[in-house]
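Reader: Got a minute to walk through this one with me? Let's pull it up.

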Amino acid sequence: RKRAATAGSAMISLIVLTLITLFVFLFPIWWKWPYTLRDKTARSQPPSWEHPMGTDDLGKDGLGRVMRGTQRSLEIAFIAAFLVTTIGVTIGAIAGYFRGWLDAVLMRFTDLILTIPLLIIVAVVSVGYPKAPWWIIPIILGLFAWTTIARIVRAEFLSLREKEFVEAARAVGARDRRIIFKHILPNLAGPIIVAATLTIAGTIITETALSFLGLGVRAPDVSLGFLIQDGLSAFKTRPWLFWFPSAAIVIICLCVNFIGDGLRDAFDPKQNRVKA
């Protein structure tokens, strides 16, 4: 029953996330109020038929800005999650499988990355390169946020490399690459998927925090974090500017986490064993 409920929640979340993604990337093509266009006759207006998510003090349409912000936040999250997962799995797998001096070097390098404050790196880039494109943010996050998944993968590899099925593969002459990709990594699908999905949700939250500090996406472009920071100053007078992007972040993060739980149950071999 628990697995069925998880699968159901994951499927619903996948549908919701897909619809949100399609909506924010396709609907702006037809929407008559782009995120940069001002309606000078409707400044600081609450939600209405003309502007379903209201307008700001300059007359910019809230729906147009939320759609654009969601686009940018999703792009940042998926790029960062891809980099984090790729780097973390690669380093963790090499360190855990080969052990020895290679494991020691890679883990000391991981410890070094852990000591570097991400906020300082972003601040240096933001101040030094104020016109840096938006994709610099997910690259920085990807290059400095892979340490957790690397440690998870390394710990699992240290355990699985001693199992009987790995010894059997070595006995029949399987190469290290085949053992890693064909025998060990499939058994880590669950932890990797969960870590990757948590990275997507965590990246959105991190980008929100950076934008709140003025270190994230900058005008004229927008992200959900940028919109929350921008709407916070008008929370009492124009609360719709804060609540709509906040709701978008909550919904997206919940969907991603539910999808991760469902995929873990579906792909983790340990979850698929039938009890005698």
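Reader: Let's start with L232: buried, partly exposed or exposed?

Author: Bear in mind that this is a predicted model. L232 comes out as partly exposed, with a relative accessible area of 37%.

Reader: And where does L232 sit?

Author: In helix α10, which covers residues 224–232.

Reader: Which nonpolar surface patch does L232 belong to?

Author: The one formed by L119, F212, L213, L232, F235 and W243. Together these residues have about 590 Å² of accessible area.

Reader: OK, now the inside. How many residues are in the largest nonpolar core?

Author: It has 28 residues, and those with the most contacts inside it are L17, I204, I249 and I252. At least two residues of this core come from each of α1 (2–26), α2 (62–98), α9 (189–212), α10 and α11 (240–267).

Reader: Which helix gives the most to it?

Author: That's α11, with 8 residues.

Reader: What does I249 touch, leaving aside its neighbours within four places in sequence?

Author: I249 is in contact with I204, I205, T208, L224 and I228. There is also another core lying apart from that one, made of 24 residues, among them A93, I180, I184 and L185.

Reader: Switching to charges. How many salt bridges are there?

Author: The structure holds 12. One of them pairs D103 with R154, with the closest N and O atoms 2.7 Å apart. That pair links distant parts of the chain: D103 is in helix α3 (residues 100–114) and R154 is in helix α6 (residues 147–160), 51 residues apart.

Reader: Is D103 buried or exposed?

Author: D103 counts as buried because its relative accessibility is 9%, under the 20% cut-off. R154 counts as partly exposed, at 23%.

Reader: What does D111 pair with in α6?

Author: R151, which is in helix α6, while D111 is in helix α3, 40 residues apart. The closest N and O atoms of D111 and R151 are 2.2 Å apart. As for exposure, D111 counts as partly exposed at 24% relative accessibility, and R151 is partly exposed too, with a relative accessible area of 37%.

Reader: And which side chain meets D111 at 3.0 Å, N to O?

Author: R108, again in a salt bridge. R108 and D111 are 3 residues apart in helix α3, so about one helical turn separates them.

Reader: Why do such pairs form at all?

Author: Side chains of opposite charge can pair when their charged atoms come close.

Reader: Which residues are linked in a network of salt bridges?

Author: R68, R72, E75 and D221 are linked that way.

Reader: Last topic, backbone. Which residue in the loop between α1 and α2 has a positive phi although it is not a glycine?

Author: S44, with a phi of about 55°. S44 lies in that loop between α1 and α2, and at 27% relative accessibility it counts as partly exposed.

Reader: Why bring up the sign of phi?

Author: Because most residues other than glycine have a negative phi.

Reader: And what about R99's phi?

Author: R99 has a positive phi of about 50°, and it is not a glycine either. R99 lies in the loop between α2 and α3. R99 is partly exposed, with a relative accessible area of 37%.

Definitions and conventions: Residues numbered from 1 in each chain as written. Predicted model: local features only at pLDDT ≥ 70, side-chain atom pairs only at ≥ 80, totals over all residues. Heavy atoms only, no water. Patch = residues over 30% accessible without salt bridge, like charges linked within 9 Å, V, L, I, M, F, W, Y side chains within 5 Å. Areas by Shrake-Rupley, 256 points an atom, 1.4 Å probe, with all protein chains shown as cover. Salt bridge = Lys/Arg side-chain N within 4 Å of Asp/Glu carboxyl O. Helix = DSSP H or I, 4+ residues; strand = E, 2+ residues; numbered from the N terminus. Buried < 20%, exposed > 50% of the residue type's maximum accessible area, 1.4 Å probe, protein only. Core = buried A, V, L, I, M, F, W, Y, C linked by side-chain atoms within 4.5 Å. Contact = heavy atoms within 4.5 Å.
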